[in-house]
Every structure is written in C-alpha cells, then in structure tokens.
Amino acid sequence: MSGKIMIVGTGNVGSSIAFALLNQRTPVREVILTDIDKADAEGEVMDLSDALAVSPSFIKIRTGDYNDADDCDIVVITAGANQKPDETRTDLVQKNAAILQSIVDPIMESGFDGIFLVVANPVDTLSFLTWSYAHVPEERVIGSGTVLDSARLRYRLSEKLGVHPKSIHAYQVGEHGDSELTLWSTATVGGEKIENLLPEAERDRISKTVRDKAYEIIKKKGATHYGIGACVVQIMNCILNDERRVLPVSSFDDNTGVFNGFPAVIGRQGVIRRLELKLSEKEAIKFQKSANAIKATIKEVIDE
C-alpha cells in the first residue's frame, strides 16, 4: 500500500480526521482533500500545512479531485447535507444518497481499487448504498459504524470502574443511531464480566447516556467531530498496517442483509471477517430490530 488517502468533504468531520492524522505517527504518506467548495478545501490545506513542521509524521497534504483517487488506498467519505428545520428525515436521506452517488461514480471511473471508508450519516445506510453504487466486494466498504459509540461506552465504564478504557472490552452494536444497543453479555474488564460488576439499572443508564451523547454535544456546541476524527484514523491505520484488530465497524451482515456496526477483524483487505458472538435472547431481538430500522431507511431511498 502506498499510504495515499483521499478525504471527501472538508467540513468539521473531514478536517478533524486530517488534523488527527497530523498528531500521531501513521503510515499515511499523502492526504488529498476535496470538497464541492474548492476554496474551503484549499483553506484547510493551508491551515493544516502550518502544523507539518512540528507533527510526529511528515505527510504531504494537497487538494485534488476525484481523478486523484485512482491510486489511493482509502477514500474517506464525510460529505453530506445537514438536516434543515423544514426537512423530513426521509428528505435528508434521499438528498445524501444523491450526493453519495455523485461522489462514488466518478471515483470508480478514476480506476479506484481501494477501500471505501464511509463516515457520512446515516452511516449504515450510506455504507450499503456505497457498496451498491460501486459494485465492489463487500469487504471493500467499511462504515465507521459504532466505533465512536463503543469508545464512548468504554470511557464511561472506565469512569465507573476506575480502570483504563483500553482495559475494557465492550461494544455498542447495530445502527449508529437510536436503535443501537450494548452487548453487555460479552462486556469484560480484565476477563471479569461487567454484568457482575454493575447492576442492571446502572448498565441501562450507561447505555442510554452513550446512545444519547451526540445529542448532548450537538445541543451544547452544534456538532461532534473530534471523537469521530480520532476513530476514523484508528480504522485507517488498522487497514494500512494490516493490524487485524477487532473494531465494531459497519460491515455487511449476511444474516440481516444490511451494513451495521458489529465487531469485525480489520486489515489490509478491509473487512476480513465479522465475529460470531453469542448474543443473549434479549440482545438478539434488539439487534434484529436495529437491522430492521436500517432496512426501513434504505427502503426510503430505493423505493423513491
């Protein structure tokens, strides 16, 4: 792999991904920023370039267009419309689906043979549509899924249990949204089951806090972008380094026929395999309901 990536969309999320890249050692060697607002992309490149002299890694940063994707290892899609006060959720999904196709088609025409990393929302639906538009093997499309949600969960649990978040193995799964759920049956800290450490009422409060955290952040500052920026860089590094780490990305689920967040092994090939975890009966029902919510969103686009 060449270590060349493209970030489509230079809004809060796209620029936060690029900034997170500059602040760690990474196999990324070149970053191309592209946006429908070319001046914005140019301004981000100028601003980010000021940090290169003091960054841990030296990365070439420049603007470009979709033709430059031909030899990229990864194309990160963050571009999408924000919901307006008078718009329905269906209107927003259809609008972002149209934006997505206007991105994917020319990228594939460039000869791109790498991995799509979808971050724009609704991420599970747009990951499915990227796969549909690009006509590539399913393992080459990865959504950011519930990686951020799981990071929030681990941090909240670390506060409760008094241990480092990296010592906690726990996942949010399903839709990146209101129907996501916590896999408490598999959650552990140092091999000890968290179900034995926290009462059910406390676990339910934590799940709700994690699920609704984005709403709280948006209410206070208007957007969330630092957390997802760091999480996307983690996914990219995992791909480029062929780390084969387990991350709850949005990948294709053979059982439900949709893309959704679930622990999967990630490496140079993209999604190497989804794990086969044994869910409790209650979790399995919630997981299916979450998949149905994603299906309903996809149907809003396909049936239009």
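1. Ala, Val, Leu, Ile, Met, Phe, Trp, Tyr, Cys and Pro are counted here as nonpolar, Asp, Glu, Lys and Arg as charged, and the others, Gly among them, as polar. By these classes, the lining of the second largest pocket has 13 nonpolar, five polar and three charged residues. The structure is a predicted model.

2. The second largest pocket holds about 570 Å³ of space. Its lining is made up of 21 residues. Those nearest the centre of this pocket are Ala151, Arg154, Lys166, Gln234 and Arg245.

3. Four elements each supply at least two residues of the lining of the second largest pocket: helix 5 (147–161), strand 7 (168–169), helix 7 and strand 12. Helix 5 gives the most, with six residues.

4. Strand 12 also belongs to an open sheet of three strands, in the order 12-15-16 and with antiparallel pairing. Strand 12 (245–247) and strand 16 (270–274) are the edge strands, each pairing on one side only. From one strand to the next, the twist averages 40°.

5. Within this sheet, strand 15 (residues 264–267) pairs with strand 16 in the antiparallel sense, over four bridges. Alanine 264 stands opposite arginine 274, a residue of strand 16. Helix 7 (residues 226–240) packs on the sheet, where it touches strand 12 and strand 15. The direction of helix 7 makes about 145° with that of strand 12.

6. The sheet and the pocket can be read together. Helix 7 packs on the sheet, and helix 7 and strand 12 each supply at least two residues of the lining of the second largest pocket.

How values were computed
Residues are numbered from 1 along each chain as its sequence is written. This is a predicted model: local features need pLDDT of at least 70, side-chain atom pairs count only at pLDDT 80 or more; totals for chains, interfaces and linings use all residues. Side-chain values use heavy atoms; hydrogens and water are left out. Two strands pair if DSSP finds at least two bridges between them. Axes are lines fitted to C-alpha atoms, for helices over the stretch in contact, and angles run from 0 to 180 degrees between N-to-C directions. Contact means heavy atoms within 4.5 Å. On a 1 Å grid over the protein atoms alone, a cavity is a set of points where a 1.4 Å probe fits but cannot get out, and a pocket is an open set with protein on both sides within 12 Å along at least five of seven lines; lining residues have an atom within 4 Å of a point. Grid points are joined across faces, edges and corners, and a volume is the space filled by probe spheres set on the points.
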